[in-house]
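Me: Please take a close look at one part of this structure, the surroundings of a single side chain with little accessible area. Then connect that part to the rest of the chain.

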Amino acid sequence: MTEALRSQFLSLHLIETLAAVLPVRDENAQPKTLVFGGVERHMITSQARRRAERVHARNRANAGRGALKGRSMGVRTREWAILAGRELESAHGWEKERALVTARAVMEASGLKFGDPKKKTVANLTKVLVFAPSDAASRIADHIAGQAAKVEEWRDTYLEAQAGAEAAKKSRRGAKKKAPSSPEAEEPEGTSTAEAAASVSLPPLPKVTRDAVLLALAPRDAVDIALYGRFLAEIPDSPNVDGAVQTGHAFTVQEAEQIEDFYAAADDAKLDRKRNALSFLDAADDAGAGMTGYQSLISGTFYRHAVLDRTQLRTNLRVAGMDEQEAETAASEAEKEFVNAFVEAFPEAKKNSTASTGSLPALVLAFEGERPYNYASAFQRPVDEGPVAVGGEGPAGPAAVRRLLRHHTFVSRRREDLRTVRVLTYDPEIDTLLGELGLPESLTVVERTEDLTP
């Protein structure tokens, strides 16, 4: 097998320059930052990066493009009960309310927790996002429809018992409020109100149905779950997956640069009235913007890094049920798509007002090794963008490329496991710079993303 000659880890490093963007925000709608090397840097979190890359790969596969075209992919959502209910409606002709109530009850009894049933907006949403194969809802719906009589009989008993338990809980709460405050009125130690109220036990979901739900939600052959992993603590016997991809937070190589952009939005109807006004006073009455506000925008050159563990990826695919040859083929395809997504994908926040998703990296460095390699330390000292003549490093983009390649060359002389080193640039200035740097013979300059790995 040719893959046996390859190293376990594929390390990817990227330099990209962004101007006036806001790809990720904190709870106050401000750019996320970190302090590194004694100065504040802007940060694009690994969570934002991973989602952009995962969705990019999934969309391409679903559209029949890319290395993973035709492969099973995953969906991360809280709406599995809603999706299963819709499948019962569209594919099996169930009435909407019957379908949704049944799907929710079945999934709740399987171990998933749902929102407050009194709040319509969350009543049918799981409390956590569940990352499962995209066909999970249709599989659950098919099983429910195929076992309709048994499932509905159980559902009616379950809902009746659930209503009884809720009524008992309310009754106990009311009695506790009316009872005098005394040691005798307190509950015995170790007994919660919920436990005391649950005088009616909920009937367990039939084993065959619970097994069907767990199988539908299991990672199975969804390649992006094998790549990025998942953790589902609510159902202890539902398998979790240790992801094969490790992603670092991207950060600026220079000190944070931020502007507060004031904007004014026009009111079209108001301007039309002003334009057609019959008197000066009518026009003056409609003066002023329709809406004003501020938005924070950032600029800078970012370093970002990710690693693919080839061994873990193949293990995940084998555990999902693939034989060795199929897992090998799927892993090779997944690696190609992972590299493509790392280079091409970008978080979509503010994309319409900043065109951030059109960015292309100044440099991508890819190599193999027997362990992951993170080169963040190359940028611990922030880039000084002052003129080179007075001790500065010049523009941050070329300066960061020089630092990254110098750092890698230095490390590679001391680590014998580094191999198949390749670089890609989309910047003509950086392309010229690569010719001037006197790069080692072991480094190959490529022109396409798919050539970054052997």
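Reply: A residue counts as buried when its relative accessible area is under 20%, and as exposed when that value is over 50%. The model is predicted. The part chosen here is H408, which sits in helix α14, residues 396–412. Its relative accessibility is 3%, so H408 counts as buried.

What surrounds H408, apart from its neighbours within four places in sequence? The residues in contact with H408 are L365, F367, Y375, L418 and V421. With Y375 there is also a polar contact, 2.9 Å between the two side chains. A further reference point is R304, which is 104 residues from H408 in sequence, with 15 Å between the two C-alpha atoms.

Two of the contacts of H408, L365 and F367, fall within the range of β10, 363–369. That strand leads to the core. The largest nonpolar core has 31 residues, and those with the most contacts inside it are L12, L227, L308, L313, L317, F338 and L452. Two or more core residues come from each of β1 (9–21), α1 (46–62), α8 (223–228), β9 (291–309), α11 (310–319), α12 (324–344) and β10 (363–369). Helix α12 is the greatest contributor, with 8 residues. As background, nonpolar side chains in soluble globular proteins tend to be buried together.

F338 shows how this core is joined up. Beyond four places in sequence, F338 is in contact with L12, L227, Y228, V245, A306, V307 and L308. Another core, of 30 residues, lies apart from the largest one; A99, M107, W154 and L214 are among its members.

A second buried polar residue is T449, in the segment after β12 (443–446). Its relative accessibility is 7%, so T449 counts as buried. Beyond four places in sequence, its contacts are V339, N340, V343, E344, L424 and Y426. The side chains of T449 and Y426 form a polar contact of 3.2 Å. E337 is 112 residues from T449 along the chain, yet their C-alpha atoms are separated by 9.8 Å.

Strand β9 holds a third case, S296. With a relative accessibility of 3%, S296 counts as buried. Its side chain makes two listed polar contacts: one of 3.2 Å with the side chain of Q30, and one of 2.8 Å with that of E260. Beyond four places in sequence, S296 is in contact with L22, Q30, P31, Q258, I259 and E260. Q30 and E260 thus appear both as contacts of S296 and as its polar partners.

A helix pair completes the picture. Two packed helices are described by the angle between their axes and the distance between the axes. Helix α4 (residues 136–146) packs with helix α7 (residues 207–217) at an angle of about 165°, and their axes are 8 Å apart. An angle over 145 degrees counts as roughly antiparallel, and α4 and α7 are therefore roughly antiparallel to each other. The crossing of α4 past α7 is right-handed. From α4, the residues that meet the other helix are A136, R139, I140 and H143; on the α7 side they are V208, T209, A212, V213, L215, A216 and L217.

To return to the request: H408 is buried, and its polar partner is Y375, at 2.9 Å.

Note on methods. Residues are numbered from 1 along each chain as its sequence is written. This is a predicted model: local features need pLDDT of at least 70, side-chain atom pairs count only at pLDDT 80 or more; totals for chains, interfaces and linings use all residues. Side-chain values use heavy atoms; hydrogens and water are left out. A nonpolar core is a set of buried Ala, Val, Leu, Ile, Met, Phe, Trp, Tyr and Cys residues joined through side-chain atoms within 4.5 Å. Buried means under 20% relative accessible area, exposed over 50%, partly exposed in between (1.4 Å probe, protein chains only). Helices (H or I, at least four residues) and strands (E, at least two) are DSSP runs, numbered from the N terminus. Contact means heavy atoms within 4.5 Å. A polar contact is a pair of N or O atoms within 3.5 Å; within protein, one must be able to donate a hydrogen and the other to accept it, and residues adjacent in sequence count only if both atoms are side-chain atoms. Axes are lines fitted to C-alpha atoms, for helices over the stretch in contact, and angles run from 0 to 180 degrees between N-to-C directions. Angles under 35 degrees count as roughly parallel, over 145 as roughly antiparallel, 65 to 115 as roughly perpendicular and the rest as oblique. A crossing is left-handed if the near helix is turned anticlockwise from the far one by less than a right angle, and right-handed if clockwise.
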